[in-house]
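Subject: Structure for you to look at

Hi,

Here is the structure I said I would pass on. Have a look at it first, and then read my notes below.

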Amino acid sequence: VAGTLLGAVRQRSILFCDDDVDIAVLEADYDRVKEALPDLLARAGGGEYRAGDRRAAYAYVRRPWPACDRVRPGYGQSCSHVWVDVFVLRRYESADALRKLLCGGCGSHDRGGGEGASGVEAEDPLPEPLRHARYPLYHYDTAQAVRLWPREWLAPEAVEIDAPLRRLAFAEAVERPSDDAEEDLAPRAPRVERLAHLRVPGPGDAVGYLRRAFGEACFDEYPVGAAAHAAWQAEFAGRGADAEGREGNAARMLPLRPEHYRPMQHSRRAKRAHDVASFDEASLRARLRRYDE
């Protein structure tokens, strides 16, 4: 989801300017994930999970802030790994269900335009984009995340899939990547996306989701400023006077270069993908044309 999905579609890897991976699980699966993930991470690091083990290669922390869980390098470990944020997607049957989340379950703000106990018209807590969305929909399960990223919702058909098919889809993601041409057959259904040498299940209608979440120009421009990662601001600062750059509300927008459409590769040669030569700006434009048609 979020910036990681943008990287998967635009660059077939994490974004060239990113330092974390955003993944999401359905709320129905969250209990199983949070129980299994510590042991899986310990095994990935070559050990077994022991609560409070400061030698662990990875640390899984539940809700260190109200928006998501986090996976980070373990205590004392070199911070050379990509960080992972784990979000939870909840199904909301109506706009009122989201309003209750945003106002903490209170009654007086459940509907915008009503009057509170003081007789003063209550302000609608629901962000404007979500007032006109089609329900039911999936969004993050915390008020903090919904307020920060109100446009990052998904339609049920983009994420829902029967459990047996979900397991099959994951197996196929690892063993057999789907051809981009196949997305035309069911563009709104969950599909497999590439992250360089990895193949991961992703939501359907990824292009529509990304245009809504990041703006129509998300496949052409990159923000520099408040919304950008600090490590990359220096690179783009020299291009700040570029006539092609334009000022945005929260950040300066600059055009992407051809190299920014090519996948980032693993630092270890043995783990690099060798079938990504055709992944470039031209292949992205072809995918966008198929989507728009």
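Start with helix α8, where A206, V207, G208, Y209, L210 and R211 are buried. By the way, this is a predicted model, so please read everything here in that light. What do those buried residues of α8 pack against? Their partners are α1 (2-10), β5 (137-140), β6 (191-195) and α10.

The pairing with α10 is worth a look on screen. The axes of α8 (residues 206-214) and α10 (residues 281-292) come within 10 Å, and they cross at roughly 95°. That angle makes α8 roughly perpendicular to α10. On the α8 side, the contact is made by A206, V207, G208 and R211, while α10 brings in R287, L288, Y291 and D292. By type, the residues of this contact split into 4 nonpolar, 1 polar and 3 charged.

R211 deserves a click of its own. This arginine sits in helix α8, and is it buried or exposed? With a relative accessible area of 17%, R211 is buried, because the cut-off for that is under 20%. Leaving out residues up to four places away in sequence, R211 touches E216, C218, F219, L288, Y291 and D292. Three of those names, L288, Y291 and D292, also turn up on the α10 side of the helix contact. Just after α8 comes G215, and its phi is positive, near 105°.

Now for the strands, beginning with β3 (residues 68-73). Why do I call β3 largely enclosed by the rest of the structure? Because 5 of its 6 residues are buried. On one pairing, β3 meets β2 (residues 58-65) in the antiparallel sense, over 5 bridges. A hairpin makes the connection from β2 to β3, using 2 residues. If you want a register mark for that pair, V61 has R70 in β3 as its bridge partner.

β3 also pairs with β4 (residues 83-92), again antiparallel, here over 3 bridges. Two positions to check there are V71, whose bridge partner in β4 is V84, and R70, which stands opposite D85 in β4. R70 is therefore a handy place to centre the view, as it is the bridge partner of V61 and also stands opposite D85.

β4 has further pairings. β1 (residues 20-26) is joined to β4 by 7 bridges, and these two strands run parallel. In that pair, D20 stands opposite W83 in β4. β4 and β5 pair in the antiparallel sense over 4 bridges, with L89 standing opposite Y140 in β5.

Y140 leads on to the core. Which residues have the most contacts inside the largest nonpolar core? They are L98, Y140 and F219, in a core of 45 residues. Setting aside its neighbours within four places in sequence, Y140 is in contact with V1, A2, F87, V88, L89, Y92, L101, A145, V146, W149, E152 and Y209. Of those, Y209 is one of the buried residues of α8, and L89 is the residue opposite Y140 across the strands. Apart from this core lies another, of 8 residues, including L37, L41, Y60 and V88.

One more residue to visit is P129, which lies in helix α4 (residues 128-131). At 19% relative accessibility, P129 counts as buried. Not counting residues up to four places away in sequence, P129 touches R151 and W153. As for E152, its C-alpha atom is separated from that of P129 by 9.8 Å, with the two residues 23 apart along the chain.

Finally, the overall tally. The protein chain has 10 helices and 10 strands. Of its 293 residues, 40% count as buried. Among contacts between residues at least 6 apart in sequence, 56% join residues at least 24 apart.

Over to you, and do send me your own notes.

Cheers

Key: Residues are numbered from 1 along each chain as its sequence is written. This is a predicted model: local features need pLDDT of at least 70, side-chain atom pairs count only at pLDDT 80 or more; totals for chains, interfaces and linings use all residues. Side-chain values use heavy atoms; hydrogens and water are left out. Axes are lines fitted to C-alpha atoms, for helices over the stretch in contact, and angles run from 0 to 180 degrees between N-to-C directions. Angles under 35 degrees count as roughly parallel, over 145 as roughly antiparallel, 65 to 115 as roughly perpendicular and the rest as oblique. Contact means heavy atoms within 4.5 Å. Ala, Val, Leu, Ile, Met, Phe, Trp, Tyr, Cys and Pro count as nonpolar, Asp, Glu, Lys and Arg as charged, and the others, Gly among them, as polar. Buried means under 20% relative accessible area, exposed over 50%, partly exposed in between (1.4 Å probe, protein chains only). Two strands pair if DSSP finds at least two bridges between them. A nonpolar core is a set of buried Ala, Val, Leu, Ile, Met, Phe, Trp, Tyr and Cys residues joined through side-chain atoms within 4.5 Å.
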